[in-house]
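Colleague: I've got the model open on my screen and a coffee in hand. Can you walk me through it?

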Amino acid sequence: MKLAETQESWQSFAQTRRLLEEGRVAEAREFLAARETRPPTFFSPEEVAETSLLWAWILYRENNYAEAIAKARQAYGGYRLTANHAEAGESLYLLGLLFALTGELREAEKLLLDALANYRRASDLKGTAQTYSELARLAFIRSDLKTAEEYLLESLDAARNASDGVGEGRAWGNLGRVQFLSGRWEEAEKSLRLALLVNRVVEAPASLARNHLSLAYLYALTGRRSEMEPEFTEAKRLIQAERLLREETIYHEYRGEAFFWQKEWVQAEGEYTRALEISRRLAPQSGLVTQVQRRWAELLLAQGRPGAAISRAEEALALAQVLSEKEEILASLRVLAQAWFETGQTEKAQSLLEEALSFLPSVTLPIEEARLKILALVLSPAGDEGRCQKFLNEVTGLLARLKKAPVFREPCFWAAEKLLGGGRLGPLEPLLEILENHKEVLAFSEEDLARLRALSAQLSERKVSLAYSPENRYALFLNLSRAESPEAKLSLLVGEVQAEGAALYGLANGLQQLVTQAGELPETIPGPGDGDATGARLEVLEKDRMLSVLSLPLMVEGEIAGMLYLSKQARPFFQEELNLATAAASHFALELSHLSKKNLARENERLLATLEEKCAFPNIITRSPLLLSTIEAAARVKDSDLSILLLGETGVGKDLLAKTIHFQSNRREQRFVSVNCAALPETLLESELFGHRRGAFTGADRDKPGLFEEADGGTFFLDEVTEIPLSVQAKLLRVLEEKEVVRLGETRPRRVNVRLISAGNKDLKGLTEKGLFRQDLFYRLSVFALKLPSLRERKEDVPLLLEHFAAKYAGGKKLCFNPAAFELLCAHDWPGNVRELENEVRKLAVLADESGVVAPELLSAKFFGPDEKLPGGHPRAFSLYEFLAEAEKKHIQRALVETGGVKKRAAELLKIPESTLRLKLKEYGLQPPTGQ
């Protein structure tokens, strides 16, 4: 009976799967629900798991993702207990799909990789192919096109070996879309054509429609309108025949884009309206909505409606950020930056541009990257010609690789017209040259050629106009650069513009401070807060004497650093004199910057002197013979080049002693560089220590010197040296032996002169004996080893330290300890040493009332036993967590004693898993009793 029921169950399951494959979700639900109303007397684990999996697929198709996730997890929980790796893989695959749809991409990727492992165990090539395809989609969402292409090639290989035509067609189509976004038009076209061939053989109408749409979009992008129309027509026929709503959305979106590029604005807006309507009905929180909104925003910009464009682009950006779609985040930021620029909000536009540019290293989208950098030519601050040239070179490089790219034509013309209107002739000239040299790639029409000729003519006129305009005289600037003092420079300017007086003021915290003066100025001069301080002003202060004052703000890095004042009597300033004074203002701004740097250098010297005074051997607080002996030994070797190894527990002050050695040594004028080896992963640690060459690894976009080079001539402090991986230890040994470093990605060594101080709180010699630390490096590091005693070994220092930190953190009150609290603090072992003591005093300084008296009630629980009482007989106030932890600890100790230290029996007695008991033993630092 049970066997018959089981066979009937699996036949029902097969029927449900067939209904789902045919898209008849409602019928599948009814069929599965009807089966559950007639339950068999016995369910095998696999039957339970299969039922959960089928319900998960039904809920997934109904967009009920939360319940689908719960069912898929139940299915996986059942299948993981069996040897059915294929079904376990399917459960994980579905979970990956669901988490991707809810925006949790990292968790989705982990689940899909687990699904891939299960499919491989089951030799399920079809499942392997579809999982690789979904992994490629996740990489595509993150705009990691290289990884997406690698996954798709794996998917294609698995689908072929499985004779899975559907999977093969899917892989070819997705590969074509990745190649398309990478700007490899010809490869993309070939892949999409192959996808169509396979789709026709296996009769996959949805895939056929998508691939026809992708080809149509490719032809629209490259200006091949005659080839585009048949693809759109065939896609539309399939969509209508099969009622493919998702593909219908894409059809209207791509159709709208094609109309947009052809400047048929009304038709484009109609298509976007229809696409948005369907996508919101189909999946309101999907990437389809994001793409349509962003493309519509670009259309509104082209129509001269930036306000409406901002609204659309902001909606697109918000949804793209929820979905973690990097391509759409980047594109939406670009559209928003341009829209705000068109509304006159240049600063906001520049801020959005910088955000988009900072986003570029995490994506590989050459088309979007080029459009962003064309926009950056306009939004970059005037005068930053080097940056503009860099963007121009990168755009040129991309166009050189493409045979057809009309998508860049309008952005380039827009940028050229804005640069001309803003008088930005520096980047305009090379941009027009790019347009001239790439007419064929950009698919110029006769109208485009006429626009280019008109822009070139206007540029020539502007250049000629500038050549014949009144020029500033350059001799003054040569003389200004030769003058040795600010007074001399100011006198030169007074003579050149025939002024009676001049004054140079520095500006700090809104207040003017006189730097130097030449001649006479009126008693009252306008301050930087009077009127518009960002522009020059010419004012008549005393009309009867015709006294005029020219006020010039001195800008340094976009901010007012000071003011330059010039006064003239009897007649006003001539235009030529104003031009000269205005141009000279930048020189005086530079002079202020130099003076500021000199003042900063002097302040650095003062701070260095203060630091040297603080980090002095006599200032280390101790009266312990052990620590005094260590300090004396350190003082003897402070000027030597010997490697010093500081040993001691955490918090004993190894870093303070290292700084003291440096700032009391003959290397005090050079840098002290400190690195905590435990805080950095292996790859980052190697790059930080030794530096890297540009391109040495992903993200290395520039040459970077290592910290050993930064510390050249000074002291390098390696804290937690025992945490250095073996692979890095060999390079460190070379620094010690050869006095040279080799950056990652280079072979040429660089000489460095550093004195190395290292520190650790572990038994370095023991690690060496176990093979966890190189023996040769150990001997080089420990040429001179110093042991810092723990605080429990020098308890005579506790009162001194309490007094020191009480004074440091007391604030406005006088912090003192009553005898009972003082006794408890002095009796404590301080396992965290000085750092723990300092943190305790800092906390007590906050908790103490206005009197500043610290009573035992303010101390932490660690100073009291579990049954101790405070003065007056009151029980010590434990928190609930402290009470429960103490009770749990005692209960575990009692169980260990009763079972003779046997963990398995103790876990049974406590009615907890043995693994949980082991975790608790580690957490509380308990050891099973021995000798029983």
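**Around Tyr-217 and beyond**

Modeller: Let's start with one residue: beyond its neighbours within four places in sequence, Tyr-217 is in contact with Phe-180, Tyr-254, Glu-257, Trp-261 and Arg-295. Keep in mind that this is a predicted model.

Colleague: Okay, which helix is Tyr-217 found in, and is Tyr-217 buried or exposed?

Modeller: Tyr-217 is found in helix H11, which covers residues 205-221. Its relative accessibility is 10%, and the cut-off for buried is under 20%. So Tyr-217 counts as buried.

Colleague: How far apart in space are Tyr-217 and Phe-180, C-alpha to C-alpha?

Modeller: Phe-180 is one of the residues in contact with Tyr-217. In sequence the two are 37 residues apart. In space, C-alpha to C-alpha, the separation is 9.7 Å.

Colleague: How do H9 and H11 run relative to each other, roughly parallel or roughly antiparallel?

Modeller: The axes of H9 (residues 165-181) and H11 come within 10 Å and cross at roughly 20°. Angles under 35 degrees count as roughly parallel. Therefore H9 and H11 are roughly parallel to each other.

Colleague: Which residues make that contact, and how do they split by class?

Modeller: H9 brings Gly-169, Gly-173, Arg-177 and Phe-180, while H11 brings Arg-210, Asn-211, Ser-214, Tyr-217, Leu-218 and Leu-221. Sorted by class, the contact of H9 with H11 has 4 nonpolar, 4 polar and 2 charged residues.

Colleague: And H9 with H10: roughly parallel or roughly antiparallel?

Modeller: H9 and helix H10 (residues 185-202) pack at an angle of about 160°, their axes 8 Å apart. Angles over 145 degrees count as roughly antiparallel. So H9 is roughly antiparallel to H10.

Colleague: What are the class counts for the contact of H9 with H10?

Modeller: H9 passes H10 in a left-handed crossing. The contact includes Trp-172, Leu-175 and Phe-180 of H9, and Trp-185, Leu-192 and Val-198 are among the residues from H10. The contact of H9 with H10 divides into 11 nonpolar, 7 polar and 3 charged residues.

Colleague: Tyr-254 and Arg-295 came up with Tyr-217. Which helices do those two belong to?

Modeller: Both turn up in another helix-helix contact. On one side, Arg-246, Thr-249, Ile-250, Glu-253, Tyr-254, Glu-257 and Phe-260 take part; on the other, Leu-288, Gln-291, Val-292, Arg-295, Glu-298, Leu-299 and Ala-302. Tyr-254 is in H13 and Arg-295 is in H15.

Colleague: How do H13 and H15 lie, roughly parallel or roughly antiparallel?

Modeller: The axes of H13 (residues 245-261) and H15 (residues 287-302) come within 11 Å and cross at roughly 20°. That makes H13 roughly parallel to H15.

Colleague: What is the handedness of that crossing, and what are the class counts?

Modeller: H13 passes H15 in a left-handed crossing. The residues of the contact divide into 7 nonpolar, 2 polar and 5 charged.

Colleague: Where is Arg-243, and what is its phi near?

Modeller: Arg-243 is found in the loop between helix H12 (225-242) and H13. At 75% relative accessibility, Arg-243 counts as exposed. Its phi is positive, in a residue other than glycine, with a value near 55°.

Colleague: Same question for Lys-911: which loop, and what phi?

Modeller: Lys-911 is in the loop between helix H38 (903-910) and helix H39 (914-924). At 76% relative accessibility, Lys-911 counts as exposed. Its phi, again positive in a residue other than glycine, is near 60°.

Colleague: Thr-722 is in a loop too. Is Thr-722 buried or exposed?

Modeller: Its loop is between strand E10 (715-719) and helix H31 (726-738). Leaving aside neighbours within four places in sequence, Thr-722 is in contact with Lys-762, Leu-764, Leu-767 and Phe-773. Its relative accessibility is 10%, so Thr-722 counts as buried.

Colleague: I always check cysteines before picking a buffer. How many disulfides are there?

Modeller: Cys-388 is buried, with a relative accessible area of 1%, whereas Cys-816 counts as partly exposed at 32%. A search of the whole structure for disulfides finds 0.

Colleague: Last one, zooming out: what share of the protein chain's residues count as buried?

Modeller: The chain has 39 helices and 16 strands. Among contacts between residues at least 6 apart in sequence, 63% join residues at least 24 apart. Of the 932 residues, the share that count as buried is 48%.

Key:
Residues are numbered from 1 along each chain as its sequence is written. This is a predicted model: local features need pLDDT of at least 70, side-chain atom pairs count only at pLDDT 80 or more; totals for chains, interfaces and linings use all residues. Side-chain values use heavy atoms; hydrogens and water are left out. A disulfide is a pair of cysteine sulfur atoms within 2.5 Å. Buried means under 20% relative accessible area, exposed over 50%, partly exposed in between (1.4 Å probe, protein chains only). Axes are lines fitted to C-alpha atoms, for helices over the stretch in contact, and angles run from 0 to 180 degrees between N-to-C directions. Helices (H or I, at least four residues) and strands (E, at least two) are DSSP runs, numbered from the N terminus. Angles under 35 degrees count as roughly parallel, over 145 as roughly antiparallel, 65 to 115 as roughly perpendicular and the rest as oblique. A crossing is left-handed if the near helix is turned anticlockwise from the far one by less than a right angle, and right-handed if clockwise. Contact means heavy atoms within 4.5 Å. Ala, Val, Leu, Ile, Met, Phe, Trp, Tyr, Cys and Pro count as nonpolar, Asp, Glu, Lys and Arg as charged, and the others, Gly among them, as polar.
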